[in-house]
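Reader: I have a model open and want to learn to read it feature by feature. Where do we begin?
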Amino acid sequence: MDETHVGVNLQEVVVPPVEGVAGGGTGYGWSDGGLHGTNCFTGVVDPTKVPTTDLLHVWYMPSTTNVGQQEMPHSLEPISLLAARNERESAQIALRPKVSWGGGGGVAGVVQIHCMDLCSSSGDRLVVGQSITLRRVVPILGVPDALVPLDLPLTQISLLPGETTSIWVSVDVPAGQPPGQYEGQLFITALKADAESLTHCVAKTEKYEMYREVQNSFEALESVDGKPVEEVVGIAKSVAMTLQKVLLSPMFCELSLENGSGDMMDEDTLTNMSVRVKLSVTVWDFTLPITPSLPAVFGVSETVIEDRFGVQHGSEEWYDALDQHFKWLLQYKISPFFCRWGDSMRVLTYTCPWPADHPKSDEYYSDPRLAAYAVSCAPVLSCDDAAKDSLRKEVEILRSKDHWSKAYFYLWDEPLNTEQYESIRSMSIEIKAYAPNARVLTTYYCGPSDAPLAPSPFEAFVKVPKYLRPHTQIFCTSEWVLGNREDLAKDIISELQPENGEEWWTYVCMGPSDPQPNWHLGMRGTQHRAVMWRVWKEGGTGFLYWGANCYEKAMVASAEIRFRRGLPPGDGVLYYPGEVFLSSLHQPVASARLERLLSGLQDIEYLRLYSSRYGREEGLALLEKTGVYLSPERYTLDHIPIDVMRAEIYRTCRS
């Protein structure tokens, strides 16, 4: 996991070609051009006298590209994004040294990145640190995946000779953001090795930009009169974050001491010395729904959290840890559930760790970002009277709430024989004695092995709903079973009774494998994003993923992440503990795969909008006409068709 190379002079190492893993991505070609530029300069390179463009390659890459360490440079183009309100759009900025300019320890040099607000012609803003975030892409098993947060608005990173580093830029558009064209830029500047150079590489105009941040913060505080308490708290937290970053900035310290005077570069000099990356975002007047249209329920292992963070089950620290994970995952339009595994694949699942009569319960279940929630069924692990009483009390309270329509019970994972199927039936009967309209979800990839339901395995698989009816309402099947035969989805759906509330959901896990869509490490970015394209095209009404944090057991938060043996790398792990990368980072670190999952869920909202205007058949035709997705083994390997499809939806639906 450690991306540094202590005691190694990388300029003297002959780096071999780097091959991709599984789908491979597009960024694993080899060229040694990055190491030959050192002959262009003699002696020590002074980055304060040499334009950064002479020292560093900078270029833009889309969010679906796996930018490997041997990704070779492209020409720098402006970044142009299209986003709805309540949507996150991302891109990448790739950096590769042309020469070394100091830093020691095998480092080619240090660069400073200064990110500016994005502004519209009407004066509206997308603010750095709130709507705009930067994260460094860190390799996992050699594959670019972990997105480690960077300080804003000013950050420094070190670069290694002959290696490409990627910065993940995300723009979160608030639901109330005025539509329009927002423009801004990032300044990328090579620094001297000494810390003092930081204060001399930034223009006076940028220092006044920091003062503007302070001024805007005070203006925001002055506008809180009459606003709801929740909004005031949000404004106060935002102001505190901005002020803290300003006060900790070396730029601000110097400016305070010198009262704005000093020997600093003027704006023309900064323009000549820095690389400017232009960033524009078109915000249109469509707002993605706060409650996702497609419930995507994802498991979070409570035992992994307990072990790695050293929290005792049921303690105050335990509740805090689960609460942090729940709130963090909601930003990805995911409906989390916590889980603990019992014997024979029975599983205890719950979305809220507090009981239904606790105030936190309503806070969780009523959150509009939550599309579905799992209700704890204590008899899954223990069938004593206390467990049954707990279940009855829980159900009686929840069924009286408006949010009860979101509830489901997930009792068993992938039953294999009649005994396990009978266990699901008996638990369902008990639940429905308290709430006849309760929904039970069952995942499966086959019928009972000891009671064939049909002559062939697939026919038996299709007959499972008849076998489990009326004890299951959400029939959740593995995409692995379908293989590349998406037409088989019609056979599954034809067996269901939607008039009785039956639904078809799907899931991925160990399979399907390359080239079909999944979230394994090393698959292409479009392959990650295509998981949700497949769900929408096949007609699924929900999606389940067994685990987002199911890495190997460790007893220390900062311990190296190890994927579980027997599983494809990345399976069951969509985010990492922040402490693995920085001891002070006490929050989860997203994977690029998780970001692409979010993009796929957002694509579904775009396709639903288009289909609501022109019909589902036209939506399917658009998906195929643009070349985005045709079948499980035929989808775009390039990002351009995605932009074409989104732009077409924007063009036709904006009126």
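**Reading the fold**

Author: Begin with burial. Of the 655 residues in the protein chain, 56% count as buried. Keep in mind that this is a predicted model.

Reader: How many helices and strands are there in the protein chain?

Author: The protein chain has 17 helices and 25 strands. Then look at contacts. Among contacts with a separation of 6 or more, 75% are between residues 24 or more positions apart.

Reader: Show me one residue that makes such contacts.

Author: Take Pro 47. Its place is in the segment before S1. Pro 47 counts as buried because its relative accessibility is 3%, and the cut-off is under 20%. Pro 47 and Trp 101 are 54 residues apart in sequence, yet their C-alpha atoms are 6.8 Å apart in space.

Reader: Beyond its neighbours within four places in sequence, which residues is Pro 47 in contact with?

Author: With those neighbours left aside, Pro 47 is in contact with Leu 55, Trp 101, Ala 190, Leu 191, Lys 192 and Met 273.

Reader: Now sheets. How do I read one?

Author: Read the strand order, then the pairing sense, then the edges. One open sheet here has 5 strands in the order S1-S3-S10-S7-S8, and the pairing is antiparallel. Its edge strands are S1 (56-62) and S8 (143-149), each of which pairs on one side only. Neighbouring strands of this sheet are turned by 30° against each other on average, direction ignored.

Reader: How many bridges are there between S3 and S10?

Author: S3 and S10 (residues 165-173) pair over 9 bridges, in the antiparallel sense. To find the register, look for Ala 94: its bridge partner in S10 is Ser 166.

Reader: Which helix packs on the sheet?

Author: H15 does. H15 touches S3, S7 (132-140), S8 and S10, and its direction makes about 140° with that of S3.

Reader: How do I check a helix such as H15?

Author: Compare its span with the expected one, then look at burial. H15 has 23 residues and reaches 33 Å from first C-alpha to last, close to the 33 Å expected at 1.5 Å a residue. H15 is mostly covered, with 19 of its 23 residues buried. Check the end too. Just after H15, Gly 615 takes a positive phi of about 100°.

Reader: S12 has more than one partner strand in my viewer. Parallel or antiparallel to S2?

Author: S2 (residues 79-85) and S12 (residues 275-287) run parallel and are joined by 6 bridges. Leu 81 stands opposite Val 281 in S12. On to S11. Strand S11 (residues 180-191) pairs with S12 in the antiparallel sense, over 9 bridges. There, Leu 186 has Val 277 of S12 as its bridge partner.

Reader: Next, charges. How many salt bridges does a search of the whole structure find?

Author: The search finds 29 salt bridges. For each one, ask three things: the distance, the elements joined and the burial. Start with Arg 88 and Glu 595, whose closest N and O atoms are 2.9 Å apart. Arg 88 lies in S3 (residues 87-97) and Glu 595 in H15 (residues 592-614), so this pair ties together parts 507 residues apart in sequence. Arg 88 and Glu 595 are both buried.

Reader: Give me another pair to practise on.

Author: Try Arg 534 and Glu 479, which meet in a salt bridge at 3.1 Å, N to O. Arg 534 lies in H14 (residues 525-538) and Glu 479 in H12 (residues 479-482), so the pair ties together parts 55 residues apart in sequence. Both Arg 534 and Glu 479 are buried.

Reader: What about Arg 646 and Asp 603?

Author: Their closest N and O atoms are 3.9 Å apart, and they form a salt bridge. Arg 646 is in H17 (residues 640-653) and Asp 603 in H15, so the pair ties together parts 43 residues apart in sequence. Arg 646 is buried, as is Asp 603.

Reader: Which residues are linked with Asp 603 and Arg 646 in a network of salt bridges?

Author: Glu 87, Glu 89 and Arg 529 are linked with them in that network.

Reader: Last, cysteines. What is the general idea?

Author: A disulfide is a covalent bond between the sulfur atoms of two cysteines. In this model the count comes to 0 disulfides. Cys 550 is in none, and the nearest cysteine sulfur, that of Cys 339, is 5.7 Å away.

Reader: Is Cys 550 buried or exposed?

Author: Cys 550 is buried, with a relative accessible area of 1%. Cys 509 also counts as buried, at 11% relative accessibility.

Key: Residues numbered from 1 in each chain as written. Predicted model: local features only at pLDDT ≥ 70, side-chain atom pairs only at ≥ 80, totals over all residues. Heavy atoms only, no water. Salt bridge = Lys/Arg side-chain N within 4 Å of Asp/Glu carboxyl O. Helix = DSSP H or I, 4+ residues; strand = E, 2+ residues; numbered from the N terminus. Buried < 20%, exposed > 50% of the residue type's maximum accessible area, 1.4 Å probe, protein only. Pairing = 2+ DSSP bridges. Expected span 1.5 Å × (residues − 1). Axes fitted to C-alpha atoms, helices over the stretch in contact; angles between N-to-C directions. Contact = heavy atoms within 4.5 Å. Disulfide = S-S within 2.5 Å.
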